[in-house]
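Trainee: I would like a close look at one part of this protein, with its surroundings filled in afterwards. Could you walk me through it?

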Amino acid sequence: MSIFGNSIFGNKAPGVDGGTRQGTAQEAAAQAGSVGKSDAQWREELTPEEYHVLRQAGTERPYTGEYWDTHTEGTYQCRACGAELFTSNEKFDSHCGWPSFWAPLAEGKVRYIHDRTLGMERIEVRCASCGSHLGHVFDGEGYGTPTDQRYCINSVSLRLVTKDETENQGADHGAQG
């Protein structure tokens, strides 16, 4: 079933009631994932911009992020906890100013929250491991992708591990063993 059906509401993050975000983003995020860090720890580890987007559900300005027009092969990790979330295989050019993907790396890598803030109805995407805000997913916009979905994700929420870096790490481990 589509993430826009009833299935996402069975995965409601704590702090969400009746499909509407309630409480603070930090409360919901702290309870949503398995990474148990205090607000003070997140503030210490993240830059102010990372903290604003990842922990307070902020948004970076369009066309300013590191990955909105990147075509490098690799895996996109959560910048807060390192969980693998998306790959370059599912990334596409949507020309919206943020990195766009048509699907996450695998089922269960992200969580969905019905977001009615700012007078809009959207589906928020969070890291399933640490509860950090990543962006939003939109359905039925007519992109020629297998899912007709656009995961519009903030660059500051991600860290790209290139295919070359992954291959080099594997070679380094093989040489040590």
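Trainee: How many residues does the largest nonpolar core have, and which of them have the most contacts inside it?

Mentor: Happy to take you through it, keeping in mind that this is a predicted model. The largest nonpolar core is made of 24 residues, and Leu85, Phe86 and Tyr151 have the most contacts inside it. Several elements each give two or more residues to this core: helix H3 and strands S3, S4 (84-87), S7, S8, S9 (133-139), S10 and S11 (158-162). The biggest contribution comes from S8, which gives 3 residues. As a general background, nonpolar side chains in soluble globular proteins tend to be buried together.

Now for the setting. The protein has 4 helices and 11 strands, and 46% of its 177 residues count as buried. Its accessible surface comes to about 9000 Å², with 46% of that belonging to carbon and sulfur atoms. If you take the contacts between residues at least 6 apart in sequence, 56% of them join residues at least 24 apart.

Several of the strands that feed the core also belong to a sheet, so let us turn there. It is an open sheet of 6 strands, in the order S5-S6-S10-S9-S8-S7, and the pairing is antiparallel. Strand S5 (91-92) lies at one edge and strand S7 (110-115) at the other, each pairing on one side only. Further in, strand S6 (residues 100-101) pairs with strand S10 (residues 149-153) in the antiparallel sense over 2 bridges. Within that pairing, Ser100 stands opposite Cys152 in S10.

Strand S8 deserves another look, this time for its charged side chains. Glu124 is found in this strand, which spans residues 122-127. With a relative accessible area of 0%, Glu124 is buried. Its side chain meets that of Arg126 in a salt bridge (3.0 Å, N to O), and Arg126 also counts as buried, at 2% relative accessibility. Both residues are called buried because their values, 0% for Glu124 and 2% for Arg126, are under 20%. The side chain of Glu124 has a polar contact too, at 2.7 Å, with the side chain of His133.

The structure holds 9 salt bridges, and some of the others have a more open setting to show you. Arg116 and Glu121 meet through their side chains in one of them (3.6 Å, N to O). Here Arg116 counts as partly exposed at 38% relative accessibility, while Glu121 is exposed, with a relative accessible area of 58%.

Another salt bridge joins the side chains of Lys163 and Glu73 (3.6 Å, N to O). This pair links distant parts of the chain, 90 residues apart: Lys163 is in helix H4 (residues 163-176), and Glu73 is in the loop between helix H3 (48-56) and strand S3 (74-78). Lys163 is partly exposed at 41% relative accessible area, and Glu73 is partly exposed at 46%. Finally, there is a network of salt bridges that links Glu50, Glu66 and Arg79.

To come back to your question, when you turn the model on your screen, start from Leu85, Phe86 and Tyr151, the residues with the most contacts inside the core, and then follow strand S8, which gives the most to it.

Notes. Residues numbered from 1 in each chain as written. Predicted model: local features only at pLDDT ≥ 70, side-chain atom pairs only at ≥ 80, totals over all residues. Heavy atoms only, no water. Pairing = 2+ DSSP bridges. Buried < 20%, exposed > 50% of the residue type's maximum accessible area, 1.4 Å probe, protein only. Polar contact = N/O pair within 3.5 Å; in protein donor to acceptor, adjacent residues only side chain to side chain. Salt bridge = Lys/Arg side-chain N within 4 Å of Asp/Glu carboxyl O. Contact = heavy atoms within 4.5 Å. Areas by Shrake-Rupley, 256 points an atom, 1.4 Å probe, with all protein chains shown as cover. Core = buried A, V, L, I, M, F, W, Y, C linked by side-chain atoms within 4.5 Å.
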